[in-house]
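Here's a set of short exercises to work through with the structure open beside you. Try each task before you read its solution.

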Amino acid sequence: MNVRLLAIAVKELRQLRRDRLTLGMMAGLPVLQLLLFGYAINTDVRHIPTVVLDHDASAESRDFAASLVATGFYDVVGHVEQQDEIGRALRTGRAKVALVVPAHYASDLARGRPTTLQLVVDGSDPQTVASALNTATGLAAARSSQLVATRLAAAGGVVSAVPIQMEPVTWYNPDLRTATYVVPGIVGVILTMTMVMLTAMAIARERERGTLEQLIVSPIRRWELVLGKILPYVGIGYVQMTLILLVGRLVFRVPMVGSTSLLYALAFLFIAANLALGLFFSTLAKTQQQAMQMSFFFLLPNILLSGFAFPWEGMPEPARWLSQMLPLTHFLRIVRGITLKGATLTDLTGELAWLLALLILLVTFSSLRFSKKLD
Amino acid sequence: MTEAVVRTEHLSRSFGDLVAVRDVSLEVRRGEIFGFLGPNGAGKSTTIRMLCGILDPTSGRGFVVGHDIAKEPEKVKARIGYMTQRFSLYEDLSVTENLEFYAGIYGLGPRERAVRIAAVLARTGLEGRARQLAGTLSGGWKQRVALACATIHEPPLLFLDEPTAGVDPVSRREFWDQIHRISAEGTTVLVTTHYMDEAERCHRLAFIFRGTLLDVGTPEEIVARRALRVVEVVAADAVRAADLLRTLPEVDEVAHYGPLLRVATRGGVDPERFVPDALAAHGIAVTSVRATRPTVEDAFVSMVKDDARGGAV
């Protein structure tokens, strides 16, 4: 192996070993983030606090409210007497949903007249609304067809099964658990965060302490310096990735459907792209603090646009276009594809091409900027 | 025949409108200790950085260890050692680890490295501190480690950019002993300083001021060229005497040294007679007058003042 490159890599590891804070951050951050995201980000909305305004106060109205609770999506937290009390309950946050049962609900049903139940939802939280409406509408539809069937049977008609039925089959994450979706994504987010920041700071630190001048006055070649700086962090990136996948598996039961070696191979491109980006930042930053700020500034669009937090499909065209420029967008598809869907290399050629192109672009950019001159 | 290890031809460097180095032509010969003298901001560091190949000249040419600094900077870098006043050590690495690192980036293989490090530790008396973190060393020790790092690959040419800034006098003296030992072994040393006592320890000097080379030569030659004559005077009212002497055209420079006034005259004026006469004419009693040797500092101050007055050198 190249002596000069090795010297840089060994030095980098030795410095890292003495820097307890960074070391702790690199191991602790992935696990902490994983637990935070894994437990806190949960879009499976359950137990929505609900109040009931029952104008009918009949056995049938109580029965409907009870079946709502039975779905597990609603918890009845109380009953109100008047319309304006609903507003109060939603404003104070006591409830997110209110069920309004009209007067004569039971008698209308008995006489076969159409009746309307009202579900008032708090729209300030769109995720809740979607879940709440879906379940409630489904429940009402089921009730209706049940009633129609009963009545037909009572009238002596032929009761067949419901004529058209949609059978939803969910592949790859059948329980639709958020953790399964989020954990592989965290691998990408953590790698983006630490890899960019560590390289950006590693060079800015040399600049700040005056050792960079000593390096550029030495015969070390540009690529040796860059590669020697980056290689130890590639190793760290893999350690972090392994840590997240392991904890994800043990704590959140995240599966690994596809090939682990394929994931690790493709992760190299992603890690390298982030390191090249960090290097680019380091050529712009004069101090470690600036380098850190730039890295954080870069992290935000990654979380928002990559499809980690919000579905890519819902983004407007310009945002999508921008997100294609982020390595994380492509790595997320790769890591989710492999861990959850068992995607193979052929399935991922598109993402691979993007990642490769971005890597080449970033490496070219940063080595052009990173000069062995002082000015 | 002495061969030029460093040769520059009309070397200049500007930063925007500011001309940091202007038209510098000089030669440094093999094996000598060449001092680069000038006040802060005179262009010393800029010149050294150009010679090291890490800063491109705006115009002019430079050859270091046989290579053009603008065309083959990497070939230059492989054959020079470089040490700055910041010492450039990794404070979170031990003395040995620092040496290993610098040996590594200069391409020394493991076996060669071990031999060199052992030798360098022994020579500099660093053996007892080999495992100590560089950040916990005192200024003088840091300087030794930095010098050891800069010479680990036995370069034929060593650049020292204000290597003794902020180091105590004893360490400075020991450091200069080291420099002379290195030079005696055949290494050419180019050192910048603004300490005048250090200038006299060099074989040859270059004076640089506001980016311009004022004079080059041995300390003796430079002092002789100024044709200064110096006396040390004890006068009744030293402050008034100094003010008075400074108004006279024959007087080049007056400086206070405790109770003494050090007075330099030029143009062949004999200060032993001139100074007491001039002071007596203004009623200032002179208790003693003693002729003394003009120093590099006298020559330097004189040159800088001439330049500031816009006069000829």
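**Exercise 1. A salt bridge and its surroundings**

Task: Work out whether B:Arg240 is buried, exposed or partly exposed, then find its salt-bridge partner and classify that one too.

Solution: Keep in mind that we're looking at a predicted model.
- Step one is the accessibility: B:Arg240 comes out at 45%. Buried needs under 20% and exposed needs over 50%, so B:Arg240 is partly exposed.
- Step two is the partner. The side chain of B:Arg240 meets that of B:Asp237 in a salt bridge, with 3.7 Å from N to O.
- Step three: B:Asp237 has a relative accessibility of 32%, so it's partly exposed.

**Exercise 2. A buried pair in chain B**

Task: Find what B:Glu232 bridges to, and say where the two residues sit and how accessible each one is.

Solution: Start with the partner.
- B:Glu232 makes a salt bridge with B:Arg262, and their closest N and O atoms are 3.3 Å apart.
- This pair ties together distant parts of the chain: B:Glu232 belongs to strand E11 (residues 229-235) of chain B and B:Arg262 to strand E13 (residues 260-265) of chain B, 30 residues apart.
- Now the accessibility. B:Glu232 is at 13%, so it counts as buried. B:Arg262 is at 10%, so it's buried as well.

**Exercise 3. From one pair to a network**

Task: How many salt bridges does the structure hold over all chains, and what does A:Glu12 pair with?

Solution: Go from the total to the single pair.
- Over all chains there are 39 salt bridges.
- One of them joins A:Glu12 to A:Arg205, where the closest N and O atoms are 4.0 Å apart.
- In sequence this is a long reach: A:Glu12 is in helix H1 (residues 3-18) of chain A and A:Arg205 in helix H7 (residues 178-209) of chain A, 193 residues apart.
- Check the accessibility next. A:Glu12 has just 1%, so it counts as buried; A:Arg205, at 16%, is buried too.

**Exercise 4. Strand E9 of chain B**

Task: Which residues lie on each face of E9(B), and are they buried or exposed? Then trace the strands that E9(B) pairs with.

Solution: Take the faces, then the neighbours.
- Strand E9 (residues 204-209) of chain B has six of its six residues buried.
- One side carries B:Arg204, B:Ala206 and B:Ile208, the other B:Leu205, B:Phe207 and B:Phe209, and both faces are covered.
- Strand E3 (residues 33-37) of chain B pairs with E9(B) in the parallel sense, over four bridges. To find the register here, look for B:Gly35, which stands opposite B:Leu205.
- Strand E10 (residues 212-217) of chain B pairs with E9(B) in the antiparallel sense, over five bridges. Here B:Phe209 stands opposite B:Thr212.
- Finish at the turn: E9(B) and E10(B) form a hairpin with two residues between them, and B:Arg210 in that turn has a positive phi of about 50 degrees.

**Exercise 5. A loop residue and the domains of chain A**

Task: Is A:Ser58 buried or exposed, and what is it in contact with beyond its sequence neighbours? Then place the domains of chain A.

Solution: Locate the residue before judging it.
- A:Ser58 is in the loop between strand E1 (48-54) and helix H3 (59-70) of chain A.
- With a relative accessible area of 11%, A:Ser58 is buried.
- Setting aside neighbours within four places in sequence, A:Ser58 is in contact with A:Tyr105 and A:Ala106.
- As for the domains, the assignment gives domain 1 (3-41 + 178-369) and domain 2 (48-149) of chain A. Over C-alpha atoms, the centres of these two domains are 48 Å apart.

**Exercise 6. Where the chains meet**

Task: Describe the interface of chain A and chain B: how many residues are in contact, and which element of chain A gives the most?

Solution: Count, then look at the chemistry.
- 26 residues of chain A are in contact with 33 of chain B.
- The two chains bury about 2700 Å² between them, 55% of it on carbon and sulfur atoms.
- Five salt bridges cross this interface. One of the bridges between the chains pairs A:Arg18 with B:Glu97, closest N and O atoms 2.8 Å apart.
- There are also 14 residue pairs in polar contact between chain A and chain B.
- On the chain A side, H1, H7 and helix H8 (211-216) each give two or more residues. H1(A) gives the most, with nine residues.

Conventions
Residues numbered from 1 in each chain as written. Chains lettered and ligands numbered in written order. Predicted model: local features only at pLDDT ≥ 70, side-chain atom pairs only at ≥ 80, totals over all residues. Heavy atoms only, no water. Domains from an automatic or database assignment. Buried < 20%, exposed > 50% of the residue type's maximum accessible area, 1.4 Å probe, protein only. Pairing = 2+ DSSP bridges. Contact = heavy atoms within 4.5 Å. Buried area = accessible area lost by both parts, 1.4 Å probe. Polar contact = N/O pair within 3.5 Å; in protein donor to acceptor, adjacent residues only side chain to side chain.
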